Amino acid sequence: MNYSQFFQTALNRLHDERRYRVFADLERIAGRFPHATWHSPKGSRNVVIWCSNDYLGMGQHPKVVGAMVETATRVGTGAGGTRNIAGTHHPLVQLEAELADLHGKEASLLFTSGYVSNQTGISTLAKLIPNCLILSDALNHNSMIEGVRQAGCERQIFRHNDVAHLEELLIAAGPDRPKLVVCESLYSMDGDVAPLGKICDLAEKYGAMTYVDEVHAVGMYGPRGGGIAERDGVMHRIDVLEGTLAKAFGCLGGYIAGRAEIIDAVRSYAPGFIFTTALPPAICSAATAAIRHLKTSTWERERHQDRAARTKAILTAAGLPVMSSDTHIVPLFVGDPEKCKRASDLLLEDHGIYIQPINYPTVAKGTERLRITPSPYHDDGLIDALAEALLQVWDRLGLPLHQKSLAAE
């Protein structure tokens, strides 16, 4: 039997659907972000990164790099195994305390990635709640969808950010049934924000538990970088907050934070935590340094919002189809998978600008886009150059200007 044929057929299907993904070979240089070296088939070239999730450039911050180097030099590289076997190294203990403090919670629990923290956290929590009904936002991230699916509980999907629909489902579930509402605070493809206050009102009214993913908001919003929940004054009303260390904090890892008994239960039951090696000490120290810095420094957040606002203004003034967003996400509507990929290729090859295409299944078919994420280090010259390059690419591909986005409908 030719097993390779099965895999080649699967790959061919992706090519036919224009969904095959190609990764650029990029080398970021600390101190030069958003500039990077692209190791292209024709040799090395300087490019400007416009789609990084290292939103604040903390991956190159001297405090963060210094903490990582110092810890690795002092204690070595690896964690030595799972926490059950190797124990919990001290930098990890410090990091979990820092995260609990960031969110005003009694405890936090660290995972190897934000994906794992959602996948494992949601499924474990729901399995521990008898007859749990999970109510999930229609646009939740794949990691949340997988967590819901693996819980094995009954689940119902409410229309995106539609609190009236959520209330209908809560009422229908009845007052005595345990319910878990799971949503994101900031949805990274459209840049829209959940009505967390109204969701908390409903959860409290109908006796539901709340789980909120803040991965695209931690470090970015709130007086200390606690996220949208901190900014909106509802952090104390949410039962479990989930976040990442890999975006605004510039490192690696995911976590959940909540009451001590909730976190301890997940720690004690979650296979995705129990049976995997802990994050290395150097990573934990670097993340702690990033969190501590952003708790007191507002420059990064303020400059970041300024850069995002200017990027939107310049691109909109140029007639480019900027999709509406109240956050730092700047989506540019394309609406065709082939042209979206081709636009990305032309920007990189002809203009030295790196922006990955966002196609199905990350977004719905017909809403393909370029997702632009300015950082505090994208200056006026880079923004102007981006607008000019995009106009040239739009003209070359015959893409319309001022096209109304269908993504919000």
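Where is P34 found? Select P34 and look at its surroundings: P34 belongs to the loop between strand 1 and strand 2 (35-40). Keep in mind throughout this tour that the model is predicted.

**Stop 1: two cis peptide bonds**

Stay at P34 and add F33 to your selection. The peptide bond joining F33 and P34 is cis, with omega of about 15°. Most peptide bonds are trans. Now jump to Y360 and P361, where you will find another cis peptide bond, with omega of about 10°. P361 sits in the loop between strand 13 (357-358) and strand 14 (369-372).

**Stop 2: the sheet of four strands**

Next, color the strands of the open sheet that runs in the order 1-2-3-12. This sheet has 4 strands, and their pairing is mixed. At its edges you will see strand 1 (26-28) and strand 12 (353-354), each of which pairs on one side only. Select strand 3 (residues 43-49) together with strand 12: they run parallel and are joined by 2 bridges. For a spot to zoom in on, pick V48, which stands opposite I353 in strand 12.

**Stop 3: the sheet of seven strands**

Now turn to the open sheet with 7 strands, in the order 4-10-9-8-7-5-6. Here, too, the pairing is mixed. Which strands stand at the edges? They are strand 4 (107-111) and strand 6 (154-158). Each has a single partner strand, so one side of each is left without a neighbour in the sheet. Rotate the view to look at the twist: neighbouring strands of this sheet are turned by 20° against each other on average, direction ignored.

Within this sheet, select strand 7 (residues 179-184) and strand 8 (residues 208-213). The two run parallel, and 6 bridges join them. Zoom in on C183 to find V212 of strand 8 standing opposite.

Then show helix 5 (residues 114-127), which packs on the sheet. Helix 5 touches strand 4, strand 5 (133-137), strand 7, strand 8, strand 9 (240-244) and strand 10 (254-258). Compare directions as you rotate: that of helix 5 makes about 160° with that of strand 9. Helix 10 (residues 260-269) is another one to display, lying across strand 4, strand 8, strand 9 and strand 10. Helix 10 runs at about 25° to strand 4.

**Stop 4: positive phi values**

Most residues other than glycine have a negative phi. Two residues to check against that are R18 and N131. Select R18, in the loop between helix 1 and strand 1. R18 is not a glycine, yet its phi is positive, at about 60°. Is R18 buried, partly exposed or exposed? With a relative accessible area of 39%, R18 is partly exposed.

Move on to N131, in the loop between helix 5 and strand 5. Its phi is near 55°, again a positive value in a residue other than glycine. N131 has a relative accessible area of 54% and is exposed, because the cut-off for exposed is over 50%.

**Stop 5: a nonpolar patch**

Finish on the surface by selecting M1, Y3, F6 and F7. These residues form a nonpolar patch with about 570 Å² of accessible area together. Pick out F7, whose place is in helix 1 (residues 3-16). Why does F7 count as exposed? Its relative accessibility is 57%, and exposed means over 50%.

Technical notes
Residues are numbered from 1 along each chain as its sequence is written. This is a predicted model: local features need pLDDT of at least 70, side-chain atom pairs count only at pLDDT 80 or more; totals for chains, interfaces and linings use all residues. Side-chain values use heavy atoms; hydrogens and water are left out. Patches are made of residues with over 30% relative accessible area and no salt bridge: like charges are joined within 9 Å, nonpolar side chains (Val, Leu, Ile, Met, Phe, Trp, Tyr) within 5 Å. Accessible areas come from the Shrake-Rupley method with a 1.4 Å probe; for residues, only the protein chains shown count as cover. A salt bridge is a side-chain nitrogen of Lys or Arg within 4 Å of a carboxyl oxygen of Asp or Glu. Buried means under 20% relative accessible area, exposed over 50%, partly exposed in between (1.4 Å probe, protein chains only). Two strands pair if DSSP finds at least two bridges between them. Axes are lines fitted to C-alpha atoms, for helices over the stretch in contact, and angles run from 0 to 180 degrees between N-to-C directions. Contact means heavy atoms within 4.5 Å.
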